[in-house]
Each structure stands twice: as C-alpha cells, then as structure tokens.
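I set out to record what can be looked up on aromatic contacts and solvent exposure. The entries below follow the order of my notes.

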Amino acid sequence: MVYNKVEICGVNTAKLPVLSEERKQQLLQTIRTGSPAQSRAAREEMINGNLRLVLSVIQRFSGRGENPDDLFQVGCIGLIKAIDHFNCDKEVRFSTYGVPMIIGEVRRYLRDYNAVRVSRSLRDTAYRAMQVKERLTAELDREPTVEEIARELEMPKENVVIALEAIVEPVSLYEPVFSDGTDTIYVMDQLGDANDDNRWLDEIALKEAIRSLDKREKRILSLRFFKGKTQTEVAEEIGISQAQVSRLEKAALAKIKKEL
C-alpha cells in the first residue's frame, strides 16, 4: 500500500511538511518552556511536521484489511503522546522515541478490535500492568522486572505474565526490524538459540567446522549458537553494531557450509 499523493483523513500526503531534527528540538523546547500561545503553536507545527512519520509506521500494518484512515488517526494519537511525553534532556532523536509510541498505539488498537477476543478482566489486568510498567520505568530509569510490576499490582507474577501475553499481537518471524541498506535483520535474528544436553554431538561437529574461522567469527558463533544470545546481546558484548554481527554471522555460516 502506497500513501504518497493520496488523501488520508482529508490530509493530502503529498504536501506534508518535513522538519529538520534541529527544528524538532526547537519546537519541543518551546512546547515545554514557551508561553501557552507559543506552546500551542509549536505543538501544532510539531504534529503536522511528523505526520509522514505516522504514515511510514502504519505502512507496516498494511494488508490486514484495516481502514487506512482509522490506522492514521490511531497513529496520530501515538504521535501526540510521544510529543507530550518526550524528554528533551535525553540525547535521543525524536523519531527514535516516537516510532515505538506510534507502533504501540496502533497495536493496542488492533488488539482491541482483533477477531480473537481476550476477556475483559484479562485485558484490564494487562493494561494496568502496562501503566505500572511505564510509571516504574520513569521512576527507576530502567525497565522494571515482572516481580516488581506484580508487587505493585498485589497479584502473583504468573497472572501478570499471562495477562500481558494474552494481548500481544502475533508477529511473523520474517518481519523486518532493521535495515542499513544492505542486510536486513528479521525478528528471527533476534531470537536466541537455547542449547541443551541432547545437542552435544551437533556441537562437536560444529566446533570442528569452525576451526578455519577467525577469532571474531568464532566468538560470534559461540555466543549466538552455544550460549543462546541474541544478535543485540552479541553486539553489545563485542562492541560492534547489530548489523555487523548479522553480516559476520552470515559470512561465517557460509564458510562452515562450504567446509562441510
């Protein structure tokens, strides 16, 4: 689905303005520190200047039979929430903060109107848990554990986990999550490959095959396939980007396949 040069909710997408990152920061500061009139004007300009961001996000949800106008309106709600809650003191680009907020709002809408219905009590528990999670994240400056969320809600952690999982929208393993223009990282690349005792023979064969690899390639494969770490965790441990980990992993596996 292409949204260029079409109207969504009466908005001509071909004429949407684009703001520079510097202008976004200026507007966000004005929203926080300006007079009421200045704040309102800056907020309106910030919303209009980021509608293309909303369009780019809702394209991920195309092909599901949903009305684009509805998704656009819901995405705009997420955009407004992102603008209202953005912390200018953090050295983060607005889009980095705004995109997850918009995605979260759209997914919340899709969950509520999904054909697979979740009980009202379970959904209420999940939403309360998410509210507590957001509050604790702001207070602790980190993501709270399930135990901490359960303690705030005064209920068993198992109930919290079940409620949160019940409203999670299924995601394809082949859904792209990042691309640097060359290699694309999919959801399946984020999943750890947990090891068990029944696979020791496979480990021996793999260790034999990777002897021809260089030190860094061996370490990446060891962390990924023997210790079950995700590409993100490997990237943090080694000190390179996740895209580099993906490329090195694919190259190493290709070498092993050739050797075998």
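**Aromatic contacts**

I began with F94, which counts as buried because its relative accessibility is 0%, under the 20% cut-off. The model I consulted is a predicted one.

I next looked up the aromatic partner F86. The rings of F86 and F94 have centres 5.6 Å apart and planes at 70°, so I entered the pair as edge-to-face. For that label the planes must be over 60 degrees apart. F86 has a relative accessibility of 4% and therefore counts as buried.

I then examined F86 with Y97. These two residues also form an edge-to-face aromatic pair, with 5.6 Å from centre to centre and 65° between the planes. I located F86 in the loop between α4 (68-85) and α5 (94-112), and Y97 in helix α5; the pair therefore ties together parts that are 11 residues apart in sequence. Y97 I noted as partly exposed, because its relative accessible area is 28%.

How many aromatic pairs does the structure hold? I counted 2. I recorded F86, F94 and Y97 as one aromatic cluster.

**Arginine 40**

I turned to R40 and asked whether R40 is buried or exposed. Its relative accessibility is 57%, so R40 counts as exposed; the cut-off for this class is over 50%. I found R40 in helix α2, which covers residues 36-48. I also looked up the separation of R40 from T30: the two are 10 residues apart in sequence, and their C-alpha atoms are 9.2 Å apart in space.

Technical notes
Residues are numbered from 1 along each chain as its sequence is written. This is a predicted model: local features need pLDDT of at least 70, side-chain atom pairs count only at pLDDT 80 or more; totals for chains, interfaces and linings use all residues. Side-chain values use heavy atoms; hydrogens and water are left out. Helices (H or I, at least four residues) and strands (E, at least two) are DSSP runs, numbered from the N terminus. Buried means under 20% relative accessible area, exposed over 50%, partly exposed in between (1.4 Å probe, protein chains only). Rings of Phe, Tyr and Trp (its six-membered ring) pair if their centres lie within 6.5 Å; planes under 30 degrees apart count as stacked, over 60 as edge-to-face and the rest as tilted.
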